[in-house]
Amino acid sequence: MVFDRRKSILEAAEKSFSMFGYKATTMDQVAKIANVGKGTIYTFFKNKEELFNEIVTGMVKEMRELARNSINEEDNFFNNLHRALYSVLEHRKEHQLAIKLSQEVREIGTQAAIDALALVENAILAFLELEIERGIDNNEVKECDPSLTAFLMFKMYIALIFDWEKSHQSLTKEEIANHFEFYMMRGIKVEQ
């Protein structure tokens, strides 16, 4: 078996960024965790930023794949969207790097962490926008601004999954789906 130094470095860097955050991670730490010389890292990556961007890009690809795998062409728009959003946000909630980056943004405001989380959010929003456009084309969704609707849906899911549990009992997957359908899909206005 051939030892893949690049892969080892990426795994070590993800571990370091997940434990210490972007700001506190050093190339020396990554080299130590990967069990390689610091110079070896620079044969693959110009600097910490490039290494970090490679890891974040991988995280985004992983989330896109999760979302895509949640779509069942036989199912309706709402069920597909709920499955995709829930799986991506649950993954983000449990992903150690995403957790550490969120903490670093709150506590320090490191620009690289802010940019990384924005990249993740923008990928989710782009996915949602495409699904909304597909829903409009299939007459499952009313004519609307797909970009704004994607943003509102995403923020509502964030609120239901992350924010609500800060001061209330966590909602189950089914409760989140029911609230999302009630507020987002049907609305609270009584039709006259």
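Good morning. Two residues are said to be in contact when heavy atoms of theirs lie within 4.5 Å. I begin with that term because the residue I wish to present first, Leu 85, is described through its contacts. Please keep in mind throughout that the model before you is a predicted one.

Which residues does Leu 85 contact, once its neighbours within four places in sequence are left aside? They are Ile 124, Leu 128, Met 153, Phe 154, Tyr 157 and Phe 180. Leu 85 also belongs to the largest nonpolar core, which has 57 residues; together with Ile 41 and Leu 51, Leu 85 is among those with the most contacts inside that core. Eight helices each supply at least two residues of this core, including H1 (5-24), H2 (27-34) and H4 (48-70). The largest share, twelve residues, comes from H7.

Let me now step back to the chain as a whole. The protein chain has nine helices and zero strands. Its C-alpha atoms fill a box of roughly 70 × 35 × 30 Å, taken along the principal axes. Of the 192 residues in the chain, 40% are buried. If we take the contacts between residues at least 6 apart in sequence, 62% of them join residues at least 24 apart.

One helix deserves a closer look, namely H8. It has 18 residues and spans 24 Å from its first C-alpha to its last, close to the 26 Å expected at 1.5 Å a residue. Which residues of H8 are buried? The list is Pro 146, Thr 149, Ala 150, Met 153, Phe 154, Tyr 157, Ile 158, Leu 160 and Ile 161. As background, an α-helix has 3.6 residues a turn, so residues three or four places apart point the same way. I invite you to read the list again with that in mind. The cover over these buried residues of H8 includes H5, H7 and H9.

I turn next to the pockets. The largest pocket holds about 480 Å³ of space. It is lined by 16 residues, and the closest to its centre are Arg 92, Ser 102, Arg 106, Ile 158 and Phe 162. Ile 158 has thus appeared twice, since it is also one of the buried residues of H8. Helices H5 (77-94), H6 (96-107), H7 (111-137) and H8 (146-163) each supply at least two residues of this lining, and H6 gives the largest share, with six. By type, the lining consists of seven nonpolar, two polar and seven charged residues.

The second largest pocket contains about 310 Å³ of space. Among its 13 lining residues, Val 141, Lys 142, Met 184, Met 185 and Arg 186 are the closest to the centre. H5, H8 and H9 (173-186) each supply at least two residues here, and H9 gives the most, with four. This lining divides into seven nonpolar, one polar and five charged residues.

Finally, I should like to mention Asn 47, which is found in the loop between H3 (38-44) and H4. Why is Asn 47 classed as partly exposed? Its relative accessible area is 29%, and the class of partly exposed residues lies between the 20% and 50% limits. Not counting residues up to four places away in sequence, Asn 47 touches Met 27 and Tyr 42. From its C-alpha atom to that of Ser 70, 23 residues apart along the chain, the separation is 35 Å. Thank you for your attention.

How values were computed
Residues numbered from 1 in each chain as written. Predicted model: local features only at pLDDT ≥ 70, side-chain atom pairs only at ≥ 80, totals over all residues. Heavy atoms only, no water. 1 Å grid on protein atoms, 1.4 Å probe; cavity = no way out; pocket = protein on both sides within 12 Å on 5 of 7 lines; lining within 4 Å. Points joined across faces, edges and corners; volume = space filled by probe spheres on them. Nonpolar A, V, L, I, M, F, W, Y, C, P; charged D, E, K, R; others polar. Core = buried A, V, L, I, M, F, W, Y, C linked by side-chain atoms within 4.5 Å. Buried < 20%, exposed > 50% of the residue type's maximum accessible area, 1.4 Å probe, protein only. Expected span 1.5 Å × (residues − 1).
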